[in-house]
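Open the model in your viewer and keep the sequence panel beside it. Each stop below tells you what to select and what is there.

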Amino acid sequence: VKLVMTRRLLRWVDLGRVKADLPVPVAFYPDVCRLPVIRRHPLPAFVLERCLFRLWLPRLAAAVRASGAPRVFAFFGADARFLAVARSLARRARLPLEVYLVDDLEASAGLQQSQWLAGLARRLEPQVLRSAARVFAISPGYCEHLLAKYGVQAHWLPISFPAAHLAHRPYRPATPDVRELVFLGAVNQLYLDALSDLIAAIEAWNQADNAYR
């Protein structure tokens, strides 16, 4: 990693601490999170942030080129607005764009009841993903989803973690034999249907004549 480029997502975030805590150079681009009146209105906030970003874009692209980075690797959550940021930066810096997706952008906007943001995702996501050098996704299922939805061939990029302290502990049935499932992830509207399906499957299993519960 040659350079991390990010922004202040919450108004109380100390940019100095962010810069001090990262082992590589950091560049920030402007946002409106410290303007409460604007921040409460998503569409005007998006328009203003786009204008600010365009003003900062020449110096941001210059910082990317000066860092010697060979590509722009765009990682973000459920915010379709960042697609425009990533594409603009890669074009201005004249570098290939690689995108890593963890959330369905259009569905996320729909859950936020933001029709304009869902429309933005619907128009912008296929354009950016089809023009990207590579697209990565958080799971094999998401790769299949992107192929079915946009015809984009994505690659599964698992989340990395240190393996030095892992130890295998073989399962030993207890009495009574009740086995536990651990869900690792967020509990929010995005996962509501899947979690409900999981609970229903567990209940059906426990009501059937199985060897364990």
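The tour runs from the whole chain to the core, and then to single residues.

**Before you start**

This is a predicted model: local features need pLDDT of at least 70, side-chain atom pairs count only at pLDDT 80 or more, and totals for chains, interfaces and linings use all residues. Residues are numbered from 1 along each chain as its sequence is written, and side-chain values use heavy atoms, with hydrogens and water left out.

**Stop 1: the whole chain**

Show the protein chain as a cartoon. You should find 8 helices and 6 strands. These elements are DSSP runs, numbered from the N terminus: helices are H or I with at least four residues, strands are E with at least two. Trace the chain along the sequence and the pattern reads β-α-β-α-α-β-α-β-α-α-β-α-β-α. The chain is more spread out than a compact globule, because its radius of gyration is 21 Å, well over the 17 Å that the globule rule gives for 213 residues. That radius is taken over C-alpha atoms, and the rule is 2.2 Å times the number of residues to the power 0.38.

Now turn on the principal axes. The C-alpha atoms fill a box of roughly 65 × 45 × 40 Å along them.

Switch to a surface. The chain exposes about 14,400 Å², with 59% of it supplied by carbon and sulfur atoms. Accessible areas come from the Shrake-Rupley method with a 1.4 Å probe; for residues, only the protein chains shown count as cover. Buried residues make up 33% of the 213 residues. Buried means under 20% relative accessible area, exposed over 50%, and partly exposed in between (1.4 Å probe, protein chains only).

Colour by charge next. The 28 positive and 17 negative charges have mean positions 14 Å apart. Lys and Arg count as positive, Asp and Glu as negative; His and the chain ends are not counted. Each charge is placed at NZ of Lys, CZ of Arg, CG of Asp or CD of Glu.

**Stop 2: the largest nonpolar core**

Which residues touch the most other members of the largest nonpolar core? Select Leu101 and Leu146, out of 44 residues in that core. Such a core is a set of buried Ala, Val, Leu, Ile, Met, Phe, Trp, Tyr and Cys residues joined through side-chain atoms within 4.5 Å. Elements that each supply at least two residues include helix H3 (42-67), strand S3 (72-76), helix H4 (81-93) and strand S4 (97-101). H4 gives the largest share, 8 residues. In soluble globular proteins, nonpolar side chains tend to be buried together.

Stay on Leu101 and show its contacts. Beyond neighbours within four places in sequence, its partners include Phe76, Leu129, Val135, Tyr142 and Leu146. Contact means heavy atoms within 4.5 Å.

**Stop 3: two buried residues**

Select Leu120 in helix H6. Leu120 is buried, at 14% relative accessible area. Residues up to four places away aside, Leu120 touches Phe46, Ala80, Arg81 and Glu125. Measure across to Ala84: the C-alpha atoms of Leu120 and Ala84 are 9.7 Å apart, with their positions 36 residues apart along the chain.

Move to Asp79, in the loop between S3 and H4. Asp79 is buried, with a relative accessible area of 16%. Outside its neighbours within four places, Asp79 is in contact with Arg7 and Leu105.

**Stop 4: backbone exceptions**

Most residues other than glycine have a negative phi, and most peptide bonds are trans. Select Arg94, in the loop between H4 and S4. Arg94 has a positive phi of about 55° although it is not a glycine. Arg94 is also exposed, at 71%.

Then find Pro176, in the loop between S6 and H8. The peptide bond from Thr175 to Pro176 is cis, with omega near 0°.

**Stop 5: exposed positions**

Pick Ile159, in the loop between strand S6 (155-156) and helix H8 (192-207). Is Ile159 buried or exposed? Ile159 counts as exposed, at 59% relative accessibility. Ile159 still touches Tyr100 and Ile138, not counting residues up to four places away in sequence.

Finish at Gln207 in helix H8. Gln207 is exposed, with a relative accessible area of 72%. Gln207 and Pro176 are 15 Å apart, C-alpha to C-alpha.
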